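Student: Here is a multichain model with ligands. Can we go through some of its local geometry?

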Amino acid sequence: MAQTAESLQPTKRKSHSLPYWVEPTFTVVALGLFGLYTLWLVFFQSSGQFHNYLSPFFSPTESWGIKVLPAIWVLWSPLLFRATCYYYRKEIYRGFFHDPVSCAVPESRKYYFGETRFPFNWANLHRWFWYVAVIVLVFLWIDAVQAFIFNGHFGIGLGSIIMLINVSLLTAYTFSCHAFRHLIGGGSQKFSCSDGRPTTRYKWWNRVSTWNENHGTYAWVSMFFVWFTDVYIRLLMNGVIHDVRFF
Amino acid sequence: MPDEITLSVYRGDKSGGQEVEFKVPMQTGMVVLDALHFIQAHDAPDLAVRWNCKAAHCGSCSAEINGSPKLLCKTRVDDYVGEVIHVRPMHSFPVIKDLVTDVSWNYEKLRQVPAFQPAIKAPFTLQQRDVDRIQEFRNCIECFLCQNICHVLRDHDAKDRYWGPRLMIRIAELEMHPLDTGDRLELLKGAAGVGMCNITKCCTVVCPQGIDITDNGIIPLKERVADVYWDPLGGLVRKLHK
Amino acid sequence: MSEDIAYHEYDVLVIGAGGAGLRAAIEAAEGGLKTAVLGKSLLGKAHTVMAEGGVAAALGNVDPQDGWETHFYDTMRSGHFVSDYRMAEIHAKESPDRVLELEYWGAVFDRTPEGKIMQRPFGAHTFRRLAHVGDRTGKELIRTLEQKLMTLDVDVFQEITATKLFKDQDRVAGCIAYYRDDGRFAVFTAKAVVIATGGWGKAYKVTSNSWESTGDGAALAFRAGAELADMEMVQFHPTGMTWPPGARGILVTEGVRGEGGLLFNSEGERFMEKYDPARKELSSRDVVARGIYKEVKAGRGTPHGGAWLDITHKGAAFIKRKLPGMYEQLLSLADVDITKSHFEVAPTIHYTMGGLRVEAQTGATSVPGLFAAGECAAGLHGANRLGGNSLSDILVFGRRAGAGAMEYAKNAKMPKIDGAEVQAEMQRVLAPLARTEGENPYRLHEELQEIMANHVGIERNGPSLEAGLQKMQELRERTEHMQAKGSRQFNPGWHGVFDVQNMTLLSEAILRGAIARKESRGAQWRTDFPDEMEDQGRVNYVQRLTDHGIEVRPEPVPQMPEELAALFKRGVAPGLANSARKE
Ligand SMILES: Cc1cc2nc3c(=O)[nH]c(=O)nc-3n(C[C@H](O)[C@H](O)[C@H](O)COP(=O)(O)OP(=O)(O)OC[C@H]3O[C@@H](n4cnc5c(N)ncnc54)[C@H](O)[C@@H]3O)c2cc1C
Ligand code: SF4
Ligand code: SF4
Ligand code: FES
Ligand code: FES
């Protein structure tokens with residue numbers, strides 16, 4: 001009800017938010033562990049395949065004759081894609097560089113040049129890594145389809161479902177990208193045709209804008225899911241667990 | 001419910017100052033500005049504070065309340081029940097007196113933005129969807145809270161290298177106007193310094209108008225700069241397209 | 001006195017940086033004259049920024065039958081025929097151009113499906129006429145003017161208060177002002193001066209106005225010999241907030257009713273059906289404000305002495321799109337979600353129709369070289385202002401006053417300001433700081449507001465007005481002896497001294513005007529003369545300050561020429577009459 005005196009009794013209206021250091025600490029721990037895990041894969045693991053399940057860290061397997069460590073062959077692109085992602089940049093600057101660690105918390109470092117110099121100006125290349133990421137995504141979709149084909153027959157295992165979810169999350173992450181939002185329509189100055197109807201670019205921009213609102217969530221969830229997928233497949237490979245077949 | 005609240009208000013000028021405590025009788029629905037007015041009328045008639053509208057329309061009453069940048073007229077006292085309310089002037093601008101700071105730098109920069117250059121004479125034919133984006137930016141009340149919180153200005157005092165989020169959305173509203181023919185990208189990359197922003201989003205958090213400064217303003221501007229300076233291929237495609 | 005005074009010379013000096021002042025300065029600067037603008041606040045924060053609902057202009061974008069005749073007709077009728085018809089005519093004819101000019105300068109109005117400027121309905125406008133940007137039109141307007149001004153060579157003096165106008169013989173010569181931040185003085189010599197300092201709503205306690213609205217310019221010009229007119233006409237806006245106490249008086253835009261909001265009394269009756277069956281909630285402001293007032297008096301008021309305003313039936317999405325500012329304002333200040341709940345409103349002082357008496361074409365006052373425009377000037381709105389007509393007023397007449405001042409300045413020599421007068425004024429301004437005891441400006445302001453509320457509020461009568469005048473004169477005496485503690489640095493107590501002096505002067509004029517007008521008309525509602533009187537309708541009450549105090553005299557209302565008068569003979573708005581004929 002409206003302004004009855006009762007409804008305005010002062011109560012503590014402010015919801016208590018978490019202490020400021022929680023978010024940057026989470027970032028450092030999560031990205032740090034993920035980084036260590038990745039290094040471990042690069043140097044100590046040469047494969048990520050269990051029958052028709054292929055770990056996203058090792059896709060595509062085809063290297064067209066280029067000789068590098070298998071994990072490096074694929075890993076540079078998603079890593080650079082994520083490192084130049086607008087969302088991760090925010091988390092990284094806050095968590096690792098304390099620039100700033102949280103809003104209105106004083107910074108100790110005096111020297112600052114933002115994204116105007118190497119290496120941080122490489123962030124401007126984000127769209128190029130996006131193009132590469134889309135190519136990788138194609139392979140991941142192929143892998144996901146493969147995951148439903150057991151010795152030439154259609155089937156569904158827990159692994160198939162995990163891989164499907166994984167690639168879907170990566171797709172959501174990739175297509176909610178700020179650079180994509182710009183390229184698909186945000187870059188144009190006018191959104192209407194001369195007859196007053198919306199342009200196609202506008203419709204796409206509008207759609208991507210709604211996905212973009214959750215980009216940060218997709219960023220974390222997709223990262224953790226990639227990790228989980230690899231762990232799942234690695235456990236299968238080592239015989240620690242067995243895949244559940246539904247069909 | 002307490003019948004009295006305690007405010008600790010910064011008193012001072014260029015040469016320095018400190019917080020002074022005042023007791024103010026609590027009233028239902030009171031905002032911090034009401035409490036400061038009470039102090040002016042009863043305890044400290046010369047307490048300096050800017051305000052105009054008392055309804056979050058004009059952007060005069062920016063200050064920092066318990067460490068976070070806020071509009072005094074929009075911040076309810078009952079958000080701080082049981083706490084002392086510390087009111088201080090904006091950190092990033094020189095103090096004139098008490099809560100009043102010298103924000104003239106912002107106006108200097110606003111003057112340096114090349115104005116709207118329409119392609120045709122009014123009346124314009126524009127759809128609502130064409131102007132939605134710019135209307136969001138034009139909702140700015142020039143409170144400069146975003147300028148105050150932006151760490152580039154606040155901690156690094158890089159006013160010579162970055163014009164700050166308010167200026168970014170001013171440029172964005174012009175660059176995204178369907179009928180504007182101006183080109184401010186060189187300025188943006190150079191003197192205005194969009195590259196200094198590291199998209200850490202504090203400006204967006206404090207904006208009392210809820211403008212999505214980073215996602216809708218600065219990032220699209222960074223992408224526009226990338227279009228021209230980091231994407232020869234895209235540039236070529238656009239040229240052919242024309 | 002050894003003082004560090006800054007001296008400036010300009011062709012055109014504009015006092016006031018609201019919409020009217022900025023528009024005037026743009027005009028003079030585009031004409032190539034050396035121009036300056038003074039404002040008490042930072043640039044772009046003047047009172048105009050608060051305007052919400054829209055700017056009235058007969059663009060005919062949604063109702064093609066609309067045209068200047070109908071806008072003229074609505075304005076004259078709502079002004080109860082004591083407006084200056086010449087101003088109403090110029091205003092109706094020129095506002096569309098002024099609005100389009102804003103668009104050309106970068107203003108971004110809401111759009112119609114055809115891509116034109118959207119127009120919304122408002123109280124007592126025959127057609128949908130208010131160009132708007134959600135509920136923040138004033139901000140769009142002042143921001144656009146501010147941005148336009150920045151492209152021109154105009155000197156903007158921010159946070160500076162003019163305290164006195166100087167004259168050279170008969171003509172105006174400039175002014176003195178102090179910087180609010182450090183109390184330094186600046187003397188401006190100018191060939192022509194434009195007053196655009198807005199209204200004086202702060203003379204009342206419950207008001208939608210900002211602290212700036214203390215009528216400085218009108219009082220300064222009055223002291224310099226300019227005439228005031230229609231001072232009794234003070235507009236109550238029907239819908240101000242009532243609760244919480246700190247927010248009392250803050251405006252709830254008429255746009256809420258324009259977009260479909262309905263008024264109910266505590267018994268759930270839609271009472272406006274009683275007071276104006278045809279237009280109901282969208283009747284003119286004087287009628288709606290009186291309606292709410294009468295309901296409350298009859299014991300059918302809401303808990304905090306008002307009426308319920310309800311727009312929930314329009315749905316949350318609509319409300320948030322059309323009235324985002326209102327939604328936000330009530331939610332944050334009063335904890336009310338207007339998409340889900342009705343809320344309380346009560347009349348609040350909103351606008352001063354009266355003010356400096358000016359010439360319609362140029363905004364010239366009776367003092368040579370002195371011009372006025374905007375809320376501080378009288379004439380356009382008569383006994384009651386139409387919503388949205390003020391933003392168009394400040395554009396149309398701001399430009400005209402700027403042009404008038406420019407023409408005058410082009411043919412004038414630079415005047416001289418008498419050094420002794422400057423010294424005397426500085427002493428007067430600094431005196432409150434030197435006093436060791438004296439009246440407290442905050443207290444006197446409260447007392448002033450109390451007198452105004454009790455004696456010349458929404459409902460008036462002779463004896464009470466006379467008693468009020470008595471008190472006001474005593475108060476005016478006391479305002480000469482105020483004391484300000486502290487230094488010259490940004491000292492609100494000290495600044496308040498001059499605000500209070502200006503307001504008491506104008507408040508006395510309000511009382512005198514209300515005493516002189518022995519009838520009820522528009523905003524003037526006298527219980528001892530409850531009806532409109534024909535003879536009173538033929539005059540404006542004009543006031544001038546002499547050595548013996550304020551003198552009031554009736555002046556005939558300018559009579560419309562035949563072709564304009566004919567518009568009112570059909571008994572229906574011209575646009576409606578024309579379309580009826582076509583059918
Ligand atoms: C809440 C609200 C909503 C409104 N909504 C609408 C609406 O929807 N439509 C509409 O048409 N009208 C509306 N109005 C009315 C309209 O906004 C004002 O009447 C109009 O803006 C007045 O403009 P102005 O330029 O005359 O003066 P103001 O905007 O009042 O500007 C006065 C200027 O003079 C300066 N000044 C004053 N004294 C001095 C001094 N001594 N020395 C130097 N400078 C001085 C001030 O600093 C200020 O810059 C609304 C008013 C309010 C309060
Ligand atoms: S996002 Fe950029 S502009 Fe905003 S506060 Fe952070 S660094 Fe400053
Ligand atoms: S963008 Fe927001 S925070 Fe920044 S000045 Fe404008 S309203 Fe204030
Ligand atoms: S912005 Fe995050 S992926 Fe592009
Ligand atoms: S007083 Fe206008 S925003 Fe607070």
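Student: How do the residues of the shell around ligand 3 divide into nonpolar, polar and charged?

Tutor: This is a predicted model, where local features need pLDDT of at least 70, side-chain atom pairs count only at pLDDT 80 or more, and totals for chains, interfaces and linings use all residues. Residues are numbered from 1 along each chain as its sequence is written, chains are lettered from A and ligands numbered from 1 in the order in which they are written, and side-chain values use heavy atoms, with hydrogens and water left out. The shell includes B:C140, B:E142, B:F144 and B:Q209 (near means a heavy atom within 4 Å). Ala, Val, Leu, Ile, Met, Phe, Trp, Tyr, Cys and Pro count as nonpolar, Asp, Glu, Lys and Arg as charged, and the others, Gly among them, as polar; the split is nine nonpolar, one polar and one charged.

Student: Are α5(A) and α8(A) roughly parallel or antiparallel to each other?

Tutor: Helices here are DSSP runs of H or I with at least four residues, strands are E runs of at least two, and both are numbered from the N terminus. The axes (lines fitted to C-alpha atoms over the stretch in contact, with angles from 0 to 180 degrees between N-to-C directions) come within 9 Å and cross at roughly 150°. Angles over 145 degrees count as roughly antiparallel, under 35 as roughly parallel, 65 to 115 as roughly perpendicular and the rest as oblique. The pair is therefore roughly antiparallel.

Student: Which residue classes make up the contact of α5(A) with α8(A)?

Tutor: Contact means heavy atoms within 4.5 Å. Among the residues that meet are A:I162 and A:L169 in α5(A), and A:F225 and A:Y232 in α8(A). By class, the count is 16 nonpolar, five polar and no charged residues.

Student: Which are the edge strands of the open four-stranded sheet in chain C?

Tutor: Two strands pair if DSSP finds at least two bridges between them. The order is β11-β14-β13-β12, with antiparallel pairing. Each edge strand pairs on one side only: β11 (234-241) and β12 (262-264) of chain C.

Student: What angle does helix α8 of chain C make with β11(C)?

Tutor: The helix covers residues 285-297 and packs on the sheet. It touches β11, β12, β13 and β14 of chain C. Its direction makes an angle with that of β11(C) of about 55°.

Student: How many residues lie between β17(C) and β18(C) in their hairpin?

Tutor: Eight bridges join these antiparallel strands. C:T546 stands opposite C:G549 in β18(C). The number of residues between the strands is two.
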